[in-house]
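Here are a few warm-up exercises, each with a worked solution. Have a look at the picture, then try each one before reading on.

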Amino acid sequence: MSMYDKEKLTEYKFRVIVSTFLMCIIFYVVLFHETDGPGIFEIGFIGGIFAVLSLFHSIWAIKSILKESHEEL
């Protein structure tokens with residue numbers, strides 16, 4: 001069973017853009033706002049992990065879909 005849907009290529013491209021934007025926001029908040037306590041950990045670590053994993057999964061899915069479509073030709 002594949003971990004991506006061949007028919008959702010545009011959704012994966014959109015997720016790459018959103019994940020990149022989210023990582024930029026998290027980076028800005030962590031570096032330029034003086035947030036103390038566990039909140040900065042949640043924003044930086046948990047949010048960052050989510051954004052990075054979503055980005056890598058989307059890139060992997062896009063590559064796999066494009067590779068499959070080239071093999072069919």
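The expected span of a helix is 1.5 Å times one less than its number of residues, and helices (H or I, at least four residues) and strands (E, at least two) are DSSP runs, numbered from the N terminus. The model is predicted: local features need pLDDT of at least 70, side-chain atom pairs count only at pLDDT 80 or more, and totals for chains, interfaces and linings use all residues. Residues are numbered from 1 along each chain as its sequence is written, and side-chain values use heavy atoms, with hydrogens and water left out.

**Exercise 1.** Work out how far helix H1 reaches from its first C-alpha to its last.

*Solution.* Start with the residues: H1 runs over 9-32, which is 24 residues. Next, its reach is 35 Å, close to the 34 Å expected.

**Exercise 2.** Find which residues of H1 are buried (under 20% relative accessible area, 1.4 Å probe, protein chains only).

*Solution.* First, list them: Tyr12, Ser19, Ile26 and Val29. Then look at their partner: these buried residues pack against helix H2 (38-72), where contact means heavy atoms within 4.5 Å. Finally, for the chain as a whole, 21% of the 73 residues are buried.

**Exercise 3.** Explain why the chain is more spread out than a compact globule.

*Solution.* Begin with the elements: two helices and zero strands. The radius of gyration (over C-alpha atoms) is 16 Å, well over the 11 Å from the globule rule (2.2 Å times the number of residues to the power 0.38), so the chain is more spread out than a compact globule. Lastly, the C-alpha trace spans about 55 × 20 × 15 Å along its principal axes.

Methods: Buried means under 20% relative accessible area, exposed over 50%, partly exposed in between (1.4 Å probe, protein chains only).
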